[in-house]
Amino acid sequence: MATSLGSNTYNRQNWEDADFPILCQTCLGENPYIRMTKEKYGKECKICARPFTVFRWCPGARMRFKKTEVCQTCSKMKNVCQTCLLDLEYGLPIQVRDTGLSVKDEVPKSDVNKEYYTQNMEREIANTDGTRPVGQLGKAPSSSDMLLKLARTTPYYKRNRPHICSFWVKGECKRGEECPYRHEKPTDPDDPLADQNIKDRYYGINDPVADKLLKRASTMPRLDPPDDKSISTLYIGGLGDTVTDGELKSHFYQFGEIRTITIVQRQQCAFIQFATRQAAEMAAEKSFNKLIINGRRLTVKWGRSQAARGKEGIKDGVSEMGTRLDPVPGLPGALPPPPALDEEAPANYFNLDPGTSPAVLNIALPPPPGINPPPPGFGPPMFHPMGHMAPPMPPPMSMRPPGQIHYPSQDPLRMGAHAAHGSRHGE
C-alpha cells in the first residue's frame, strides 16, 4: 500500500542527520588523526529501520574499514557505540550490563510499537543535554561490582583487524602479501562465538559473548580476610611510576582511618595500614579486582603479620604474601642436617693418627711422569713419618755455603769471572 504524501513528509522529518558519530575508543582507533566519509541518509538503521547518516573510516594501518550500523537515537537509548554496540562506559555487551545493573529491557520489537517508542525517546532526549543515558538505564545505580571487575581498562584494537580471507582458506588466494584480508586459520564453526547477531546483541538476548562473560563472572576469585585479626594492612601492587601516595590516600580514606602508607618504588607496590580491622575488610571488599587509578588496574591483597614474616619468611613453598608456590620440577631435595658434634671430641678432619707429628703433613707428592725430579737442594723438602727422629729442615738457598755447581749456566767460569780475577792478579 502506497503511503500518502503527508505521512511520507512526516517520516522524512524523523530521518537522522548528524555531524559526528557516537563511537567507543576501540572502534575509533589509536590514531588521533583519521579521515571519515559522511553519507547523509546512506543506510537504514539495523534496529529501527530509519535512514540515518553513515560514517565510514579506517581506524589504523592494517585494519579494516568500519562504519556506523545503528542510528544515534538507538545508540542513546542503550548508551552503546554505533558500530560495535558495546556499552560506552564499561565496554561490555548490553546483556552483561543490564544483568549487573538489574535493568530490564523494555524496547518493543514490533514495527509500530518500536516507532512509537522511538519517537517518545527522541522527545525525552531533546529535553536533556545528551551526555547521560535516558529511560530506565538513566535511573539505574551508577556502578556495579561485577561490571567493574569485567570492564576493560584499555582499548582492544585487535577487534578492528581485517576478516579472514576466504580464498586463502580454500587455497586459491593469488594476491599474497598484497591481500588486505588475514591469512589465518578460521575458528571452529561449532564455536558459539562464531555465531553473533547484531539484533540479539542490541536486545540483550542469546549473545554468546555475554554468556561467556557471565560465566567468567561467576567463577572469579574472591579475597577472603585472614584468620589473624591483628592484620589490618593491604598490599597494593602494579602501581607503576604514575600512582602516588596522595592518590592512594584519596581513594582509601573513605573506608576508615589510615595509619601509614608505605610505597616501595623498586617493586612498584604499596602497603596501606588501617587503624581498625573493620576498615581494612571494607577496603579489601570494595577494591578487590576493581581498583583503577590513572587508568591502571591495581592488585589488592592482604598483608602478613610482622611476627609471621620474621619467623617464617619464605618457608615450605609459601611466599611473603602468604600464597602457596608450586614446586619447581628438577630441583634436588633438601640436604640432611649435619650430625651433632661433641664439644669435647677433638676436631680431627683428616682422620689422622693422634700420635702422628704435624710434620707428616709436609709430604711432597712425586713428580708427574715424563718430568725429571729436581736435584737435591732445589726441590721441596721430603720428610718421612719418623716422628721425633725426622731430620731438621735445610736452610734456604741464600744462606747455604758455596758448593757444587749443578747447572752450566751458573758456572762462574762461563760468565768470565775467572778471567777477570786472573787479570786483576796480573796487574
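**A four-stranded sheet and its helices**

User: Over how many bridges do strand β4 (residues 233-237) and strand β6 (residues 269-274) pair?

Analyst: Strands here are DSSP runs of E with at least two residues, and helices are runs of H or I with at least four, numbered from the N terminus. Two strands count as paired if DSSP finds at least two bridges between them. For β4 and β6 the sense is antiparallel, and the number is five bridges.

User: Happy to know that! What should I keep in mind about the model, and which residue stands opposite leucine 234?

Analyst: The model is predicted, so local features need pLDDT of at least 70 and side-chain atom pairs pLDDT 80 or more, while totals for chains, interfaces and linings use all residues. Residues are numbered from 1 along each chain as its sequence is written, and side-chain values use heavy atoms, leaving out hydrogens and water. Opposite leucine 234, in β6, stands isoleucine 272.

User: In what order do the four strands form the open sheet?

Analyst: The pairing is antiparallel. At the edges, β5 (258-264) and β9 (299-302) each pair on one side only. The order is β5-β6-β4-β9.

User: Which strands does helix α11 touch?

Analyst: Contact means heavy atoms within 4.5 Å. Helix α11 (residues 277-287) packs on the sheet. The strands touched by α11 are β4, β6 and β9.

User: Is arginine 201 buried or exposed?

Analyst: Arginine 201 sits in helix α8 (residues 198-203), and its contacts include Cys84, Ile94 and Asp207. Buried means under 20% relative accessible area, exposed over 50%, and partly exposed in between (1.4 Å probe, protein chains only). At 13%, arginine 201 is therefore buried.

Definitions and conventions. Axes are lines fitted to C-alpha atoms, for helices over the stretch in contact, and angles run from 0 to 180 degrees between N-to-C directions. Lists of a residue's contacts leave out its neighbours within four places in sequence.
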